[in-house]
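Thanks for sharing this one with me. Please open the structure and keep it beside you while you read my notes.

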Amino acid sequence: MNRLLQATGLALLLCLPTVQAADISKGKKLVNDNCMSCHDDSVYTRKDRRVTSMKGLQKQVKRCKLNLGLKWFDDDVNDVVSYLNNKYYKFK
């Protein structure tokens, strides 16, 4: 019975989608290659910045992706969000 439960548990774990951690260095490269063509990093550090939450940061990165016609996957957006948050915003 114990082996059956262990095997069942292992099978369930193997079926779960894998969560990949954001690649901050890839996010930095994407920002430098794409975002800095429109603005410098002062947009992230000004006192009256529009982005005030993690949700707002995600929305803004997606908006910029669409406006620039970038062919980014969700992982790319997450990498950029993670980089910007780590470097500038520090949202929890």
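Here are a few numbered points on confidence, the nonpolar core and two residues to look at.

1. Start with how far to trust what you see. This is a predicted model, and the mean pLDDT of the chain is 87, with 79% of its residues reaching 70 or more. Confidence is lowest in helix H1 (residues 2–15), where the mean is 60, and highest in H5, where it is 98.

2. Next, look at the largest nonpolar core, which has 17 residues. The members that touch the most others are Leu57, Val61, Trp72, Leu84 and Tyr89. Helix H2 (24–34), helix H4 (54–68) and helix H5 (74–89) each supply at least two core residues, and H5 gives the most, with seven. As background, nonpolar side chains in soluble globular proteins tend to be buried together.

3. Now try clicking on Trp72. Which residues is Trp72 in contact with, once its neighbours within four places in sequence are left aside? You should find Leu30, Asn34, Cys35, Val61, Lys65, Val77 and Val80. One of these, Val61, is also among the core members that touch the most others.

4. Finally, turn to Asp79, which is found in helix H5. Is Asp79 buried or exposed? Asp79 counts as buried because its relative accessibility is 5%, and the cut-off for buried is under 20%. Leaving aside neighbours within four places in sequence, Asp79 is in contact with Ala22, Asp23, Lys26 and Gly27. With Asp23, look for the backbone nitrogen: it lies 2.8 Å from a polar atom of the Asp79 side chain.

Technical notes: Residues numbered from 1 in each chain as written. Predicted model: local features only at pLDDT ≥ 70, side-chain atom pairs only at ≥ 80, totals over all residues. Heavy atoms only, no water. Core = buried A, V, L, I, M, F, W, Y, C linked by side-chain atoms within 4.5 Å. Buried < 20%, exposed > 50% of the residue type's maximum accessible area, 1.4 Å probe, protein only. Helix = DSSP H or I, 4+ residues; strand = E, 2+ residues; numbered from the N terminus. Contact = heavy atoms within 4.5 Å. Polar contact = N/O pair within 3.5 Å; in protein donor to acceptor, adjacent residues only side chain to side chain. pLDDT = per-residue confidence, 0-100.
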